[in-house]
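This report looks at charged side-chain pairs and at enclosed space. Keep the sequence and the model side by side while reading.

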Amino acid sequence: MPDYYEILGVAADASTSEVKSAFRKRAKKLHPDTAAAIAGRRGAQVEGARASEGAMRLLLEAYRVLSDPERRRNHDRQLRRSATEGGFDYRVFLKARPHDPESQAKLVVYDLLHDLEDEALEVYEKARSFEDFRLERWLERGEAMDAEFCLAEEYEKRDRIIKAWLHYKRLIELEAERPWFRYFFDVVALRFRTLVLLKLPKVLDEEDFLDRLEEATRLSLPRRDLAQFWRKKAEVHLRRKEIDAAVEALGRASELEPRLAGLLVLRRRIGLPRQG
């Protein structure tokens, strides 16, 4: 498969702005008119134009993929998958080492990359019996974080919401320690926010849900996300007739995002005067 990073001439951790800049520079060089002018003779002009059109299509596809977080992540996974394929049966090699935590961590990644999600979850669950089994202990950091995201996705698909919550939360903590996701972190934050606000309330009682919301408000996330968690806390406390706690949570939400939807309605329900 084509390596779109190589086609654009950017590093695998390039920002979206770097991807755009690289595309513009290469597009100027590959433009059919420019290529034809460089080619010189008429016959060479035609061939040069045709070649540049094909290269431009590939360059455009590379840009479209790498500028879209979801498509870029899939491309990254395909590159890693290609790197593990060959005549040697790597999976058999890893499965033959069930007592080696490093081999099992690599087996989790291998299965996730090769659409063996059920097998990956089974291996991961068994590997949890190792003392302090964390993927980042045995894998390169980026590979470990991508695997964590895949595990969170798979748990969420299977409605194992608490498991998914733990993996998303761990990812956000790891990103705060040392950024790696960069272009993809907005997707991680969105998945986490959706899970917290829409799915956790369906599987937890209010007391536990408030505890999870409290944990969520302490994470390194965009202000708007944190404001939504505080707003939800205010709603739950108000429903429980815990007015002081509701007022405090509402105040936190207002400090972060004064114009967040729903805050004015909550103030009225609590009986607070409208802010000037």
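Which side chain meets R160 in a salt bridge? E125 does, with an N to O distance of 3.3 Å. The model behind this value is predicted. The pair ties together distant parts of the chain, 35 residues apart. R160 sits in the loop between helix 10 (141–157) and helix 11 (161–177). E125 belongs to helix 8 (residues 117–127).

Is R160 buried, exposed or partly exposed? Its relative accessibility is 35%, so R160 counts as partly exposed. E125 has 27% relative accessibility and therefore also counts as partly exposed.

**Salt bridges**

The structure holds 29 salt bridges in total. Three of the pairs are set out here.

| Pair | N to O distance | Relative accessibility |
|---|---|---|
| R160 and E125 | 3.3 Å | R160 35%, E125 27% |
| D132 and R137 | 3.8 Å | D132 43%, R137 42% |
| R240 and E242 | 3.0 Å | R240 27%, E242 27% |

Take D132 and R137 next. Their side chains meet at 3.8 Å, N to O. D132 is partly exposed because its relative accessibility, 43%, lies between the 20% and 50% cut-offs. R137, at 42%, is partly exposed too.

Both residues also belong to a wider set. Which residues are linked with D132 and R137 in a network of salt bridges? The other members are R134, E136, K169, R170, E173 and E215.

R240 pairs with E242, and their closest N and O atoms are 3.0 Å apart. R240 is partly exposed at 27% relative accessibility. E242 is partly exposed at 27% as well.

**The cavity**

How many cavities of 30 Å³ or more does the structure hold? There is one. The largest cavity has a volume of about 40 Å³.

Its lining is made up of R77, R80, V109, L112, L113, E143, D146, A147 and C150. Three elements give two or more residues each to this lining: helix 5 (69–84), helix 7 (101–113) and helix 10. Which helix provides the largest share? Helix 10 does, with four residues.

What is the chemical make-up of the lining? Five residues are nonpolar and four are charged. No polar residue takes part. The charged residues are R77, R80, E143 and D146. V109, L112, L113, A147 and C150 are the nonpolar ones.

Note on methods: Residues are numbered from 1 along each chain as its sequence is written. This is a predicted model: local features need pLDDT of at least 70, side-chain atom pairs count only at pLDDT 80 or more; totals for chains, interfaces and linings use all residues. Side-chain values use heavy atoms; hydrogens and water are left out. A salt bridge is a side-chain nitrogen of Lys or Arg within 4 Å of a carboxyl oxygen of Asp or Glu. Buried means under 20% relative accessible area, exposed over 50%, partly exposed in between (1.4 Å probe, protein chains only). On a 1 Å grid over the protein atoms alone, a cavity is a set of points where a 1.4 Å probe fits but cannot get out, and a pocket is an open set with protein on both sides within 12 Å along at least five of seven lines; lining residues have an atom within 4 Å of a point. Grid points are joined across faces, edges and corners, and a volume is the space filled by probe spheres set on the points.
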